[in-house]
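Visitor: I've got a structure to look at, and I'd like to know how the labels people put on it are earned. Can you walk me through it?

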Amino acid sequence: MSSAHNQKKAYAFGLGAVLAWSTVASAFKLSLQYLSPMQLVLYASAASLLSLLSILAWQGRLPELAAFRRHWKSSLLLGAVNPFAYYLVLFQAYSLLPAQEAQAINYTWALTMTLLAVPLLKQKLRLQDAMAALVCYLGVLVIGTRGQLLELHFSNQLGVLLALASTLLWAGYWIFNTRDTREPVLGLALNFASSLPLSLAWCAWHGQLTPPAWEGLAGAAYVGALEMGFTFVLWLSAMKLTRSTASIANLIFLSPMASLLLIYLIVGEAILPSTLLGLALILGGLLAQKLPLRRVQPQPLANPPS
């Protein structure tokens, strides 16, 4: 198969993944009308596990799940972070904030990963990274205060803190994931299988194992299959086929505006000027970080949070 054909397939897979991710902020918000954050974690995790197992079955790789016996420690640890802790915090943020604000703040995860790499991986913090951080977190302040920077009055302080905490969990997960020797799809399936008992126990402890509305289950199935499961495989396939990782990774910058459009059309939120300004600052900071003033860092093969 020609390299040009592979590149076209890579763009198709990458665009498919980005379009799917653009819908999940709306899906989160709509699903949380029928489910609590912890219920959404439980049912979406179950749906994602089913989708990942289906992919492994289609590839004839279900026997590889026996690798859990060798990798049970990493499966339990990584599964406790993602999906359990990460999505529990993220969904709680979405329950407190408008979808437009939560999804915009969550895009700072890439910068958070750079900052976490300093203490965890002993990497040096470059001046370019520090400047990008200032610009991105200025964008977070604009969004969180809805443009009232001088008053520093947050629309929902806990929601903003939870959205930022979710970026710490996500970035930390992918930093520790760099040491994971498991094949990505198999590793993700083992993580979700390991986290499911945690989600079940958490819901049981809080008395939230009551039968959910079908709308909530449908939303959780959509979130689990797209945000947590199948779309990851699309993105991974795009990364494997492309001649240029950067060209595919840059497609993710199409997602925020598409997501805002869907939030406006589907959820019915009026998009605030402060959200647009803050998101522009966040994306500007991330783009500035990618300018060729520093060595290009390897792109993580992960689906970005929404």
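Guide: Sure, and keep in mind that this is a predicted model. Let's start with Arg61, which has 15% relative accessibility.

Visitor: Why is Arg61 called buried?

Guide: Buried means under 20% relative accessible area. Arg61 comes in at 15%, so Arg61 counts as buried.

Visitor: What makes Glu183 partly exposed?

Guide: Partly exposed runs between the 20% and 50% marks. Glu183 has 25% relative accessibility, so that's where Glu183 falls.

Visitor: How do you know that Arg61 and Glu183 form a salt bridge?

Guide: The rule asks for a side-chain nitrogen of Lys or Arg within 4 Å of a carboxyl oxygen of Asp or Glu. Here the N to O distance is 2.6 Å, so the pair passes. Arg61 sits in the loop between H2 and H3, and Glu183 in the loop between H7 and H8, so the bridge ties together parts that are 122 residues apart in sequence. Salt bridges with shared partners also join Arg61, Glu64 and Glu183 into one network.

Visitor: Which label fits Glu101, buried or exposed?

Guide: Buried, because its relative accessible area is 1% and the cut-off is under 20%. The side chain of Glu101 meets that of Arg146 in a salt bridge, at 2.7 Å from N to O. Glu101 belongs to helix H4, while Arg146 is in the loop between H6 and H7, 45 residues apart.

Visitor: And what is Arg146 called?

Guide: Partly exposed, since 38% lies between 20% and 50%.

Visitor: How many salt bridges are there by this rule?

Guide: Four. Among them is the one between Asp180 and Arg182, at 2.7 Å.

Notes: Residues numbered from 1 in each chain as written. Predicted model: local features only at pLDDT ≥ 70, side-chain atom pairs only at ≥ 80, totals over all residues. Heavy atoms only, no water. Helix = DSSP H or I, 4+ residues; strand = E, 2+ residues; numbered from the N terminus. Buried < 20%, exposed > 50% of the residue type's maximum accessible area, 1.4 Å probe, protein only.
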